[in-house]
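This report introduces one protein structure to a reader who has not seen it before. It takes up a single residue, then a group of strands, then a pocket.

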Amino acid sequence: MKKLVILFTFILIISFVSAISVDYKIIGNKVLVEADFGNVNNFKLRIPYDISIFELDSEYDIVNMKDYKILKVNSSSDLRFSYVTETMIDISKTKNFFIINNYFPESVDIRLFLPENGVLMKDYSLIFPDADEITTDGRRVILEWKNFDKEEIVVAYEKVQEEIILNINLL
């Protein structure tokens, strides 16, 4: 009986754990954002002012502010949305930066997919805060943060020339 009570308590706790996840996929000078917030009520989230190709299956409102927008959803049992933005990428002559500020209502699991020709910088490796995991799918470098609740993420990366990639593949 005691084991049954412990098992029931464990299952109950797991059912309340948040499964919020957001993927950021860098494609050229833009970022495809794919978010899964699950069950929500009175949801509000600050999103970039320059969003395009916005997709969401629930009823929603977008309120334009001066430097950003607010996404509002009254209720959804499976809130998933995506959009494209340029504001998360800062490009200098030799460095590329991915930068997001945390406007999420609670902690979230985040995955960042660098572009296919993107690599972490050798001499100037900047990943803030440190990623929980860095992997690859064979084409892209993927950085992951679990239960992210910090103020921002900053990642410096560089693009490898296509000639170099072709030469590596021929070896």
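## A buried glutamate

Glu 144 is buried, because its relative accessible area is 13% and the cut-off for buried is under 20%. The model is a predicted one, and the values in this report are computed from it. Glu 144 belongs to strand 12, which covers residues 141-148.

What does the side chain of Glu 144 make a polar contact with? The partner is the side chain of Lys 146, at 3.3 Å. Once neighbours within four places in sequence are left aside, Glu 144 is in contact with Ile 110, Arg 111, Ala 131, Asp 132, Glu 133 and Thr 135.

## Strand 5 and its partners

Strand 5 spans residues 68-85. Strand 2, residues 30-48, runs antiparallel to strand 5, and 15 bridges join the two. Within this pairing, Arg 46 stands opposite Ile 70 of strand 5.

Strand 3, made of residues 52-56, also pairs with strand 5 in the antiparallel sense, over 3 bridges. Here Ser 52 lies opposite Val 84 of strand 5. Strand 4, residues 61-64, is another antiparallel partner of strand 5, with 4 bridges. In that pairing Ile 62 has Leu 71 of strand 5 as its bridge partner. The link from strand 4 to strand 5 is a hairpin through 3 residues.

One general point helps when reading such strands. In a regular strand, side chains alternate between the two faces of the sheet.

## The largest pocket

The largest pocket holds about 370 Å³ of space. Its lining consists of 20 residues, and those nearest the centre of the pocket are Ile 47, Pro 48, Met 88, Asn 101 and Tyr 103.

Which strands each supply at least two residues of this lining? They are strand 1 (21-27), strand 2 (30-48), strand 5 (68-85) and strand 7 (96-101). Strand 2 gives the most, with 6 residues. Strands 2 and 5, joined by 15 bridges, thus appear again here as contributors to the lining of the pocket.

How many of the lining residues are nonpolar, polar and charged? The lining of the largest pocket has 16 nonpolar residues, 2 polar ones and 2 charged ones.

Technical notes:
Residues are numbered from 1 along each chain as its sequence is written. This is a predicted model: local features need pLDDT of at least 70, side-chain atom pairs count only at pLDDT 80 or more; totals for chains, interfaces and linings use all residues. Side-chain values use heavy atoms; hydrogens and water are left out. On a 1 Å grid over the protein atoms alone, a cavity is a set of points where a 1.4 Å probe fits but cannot get out, and a pocket is an open set with protein on both sides within 12 Å along at least five of seven lines; lining residues have an atom within 4 Å of a point. Grid points are joined across faces, edges and corners, and a volume is the space filled by probe spheres set on the points. Ala, Val, Leu, Ile, Met, Phe, Trp, Tyr, Cys and Pro count as nonpolar, Asp, Glu, Lys and Arg as charged, and the others, Gly among them, as polar. Buried means under 20% relative accessible area, exposed over 50%, partly exposed in between (1.4 Å probe, protein chains only). A polar contact is a pair of N or O atoms within 3.5 Å; within protein, one must be able to donate a hydrogen and the other to accept it, and residues adjacent in sequence count only if both atoms are side-chain atoms. Contact means heavy atoms within 4.5 Å. Two strands pair if DSSP finds at least two bridges between them.
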